[in-house]
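Student: I am new to this structure. Please take a close look at one part of it for me: the aromatic rings and what sits beside them.

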Amino acid sequence: MPSTALAGIRVLDLSRVLAAPLATQMLADLGAEVIKVERPGTGDDSRTYGPPFAAGTDTAAFYLSCNRNKQSITVNHATAEGQELIRALAARSDVLVENFRAGTLAKYGLDHESLRELNPRLVYLSVTGFGQTGPYAERPGYDGIFQAMSGMMSVSGHPEEPMKVGVSMVDILTGLYASTAVLAALRHRDITGEGQFIDLSLLDCGLASLSHFAMNYLISGEVPRRRGNGGYGGIPSQAFMCADKPLFLVAGNDKQFAAFCVAADRADLLQDERFASTSARITHREEILPVLEAILRTRTRDEWLTVLDEHDVPAGPFNEMPEVFADPQIRHREMLVEVADPVSGRMPMLANPIRFAATPVEGYVPPPRLGEHTAEVLGRLAGVTEERFSQLRGWGVV
């Protein structure tokens, strides 16, 4: 039995920055051999997206966030010799992932149609801003643009100001969609013997992630309102200020709301027909929220967290980063790991959150130095001798 879920799968990673590298990092965490192809001399753009940089290096934390468990080789795909090297690697890979602008790799004979002739079993994933087709297909784009265009910003923030999600959420969600798509295509390949092309668009993924917000609009025709830290589910479902600090409280059904009322010593609210059911509370949102705000301000945050926990009402504190990593639940789940790094010494990392019973995610390897594995990988998979490697390096190919 394999020790990891994707043991024996080889991924050729021609991607840069965040969305697609996150997808290949996920595949690497699950046990795939991931070979990251970078530009000689400069590498992935995100290596320079700092400060902060890892201690003793010029590698940005941004790059470190999405490139662990990979090997790095440098190949100049704009040269004929570099293209031949990439073809040789693609012929011996299960998956190729790239996020060049639509049509770019076809100029170099590295598109799906060209590589399929060499390797019909290859799963080829292309991540672009707008997809391979449509009037915007050739446009460049970044996360903030897709948060704006997909409608994500229209439902985020306060009524007077649309707001971008703090993290690069469309990139992150696209990375998750991408890894799922690759796994499904590998399953199809295992059954049929044939690879396939996957066309994944950040704009599409941003829109798909709106989920129930989009569905509410499609069903009702009503444009969703921005509600700050308020949600669209049961009431209450938002942040409230306590006597000293904020907390986030969700009483998503009638049982939980009743438990909140008991915890708050306000059973009278259950007798008010405006608040007696989930749908009634949603309808009378503007009337009940001031009541709840006044109640929550009567005790400190920790007092409320204690009493709400005793009554099984979902609630949690608002944590800054230091509090997040000090949280006993986070520590118990070992979401922060440290690995040995030959340059910086010890490198902290976010752990993969998936907990397998039979094929655990473990043995994290720090993100590679630029071109760290070039000679070894090209020798093993492309038959490049030491003499040939020196020649290619002299030409600026590797």
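Tutor: Searching the whole of this predicted model turns up six aromatic pairs. Take Tyr-49 and Phe-62, one of them. Their ring centres are 5.1 Å apart. The planes meet at 75 degrees, so the pair passes the cut-off of over 60 and counts as edge-to-face. This pair links distant parts of the chain. Tyr-49 sits in the loop between strand S2 (33-38) and helix H2 (61-64), while Phe-62 belongs to helix H2. The two are 13 residues apart. How exposed is Tyr-49? Its relative accessibility is 35%, so Tyr-49 counts as partly exposed. Phe-62 has 27% and therefore also counts as partly exposed.

Now turn to Phe-130 and Phe-146, another edge-to-face pair. Here the centres lie 5.2 Å apart, with 65 degrees between the planes. Phe-130 is in the loop between strand S5 (123-128) and helix H5 (143-149), and Phe-146 is in helix H5. The pair therefore ties together parts that are 16 residues apart in sequence. Are these two rings buried or exposed? Both Phe-130 and Phe-146 are buried. They also have company: with Tyr-136 they form one aromatic cluster.

Last come the charges over rings. Arg-281 lies over the face of Phe-257, 4.1 Å from the ring centre. Arg-299 lies over the face of Trp-304, at 4.5 Å from the ring centre.

Note on methods. Residues numbered from 1 in each chain as written. Predicted model: local features only at pLDDT ≥ 70, side-chain atom pairs only at ≥ 80, totals over all residues. Heavy atoms only, no water. Phe/Tyr/Trp six-rings, centres within 6.5 Å; stacked < 30°, edge-to-face > 60°. Helix = DSSP H or I, 4+ residues; strand = E, 2+ residues; numbered from the N terminus. Buried < 20%, exposed > 50% of the residue type's maximum accessible area, 1.4 Å probe, protein only. Lys NZ or Arg CZ within 6 Å of the ring centre and 35° of its normal.
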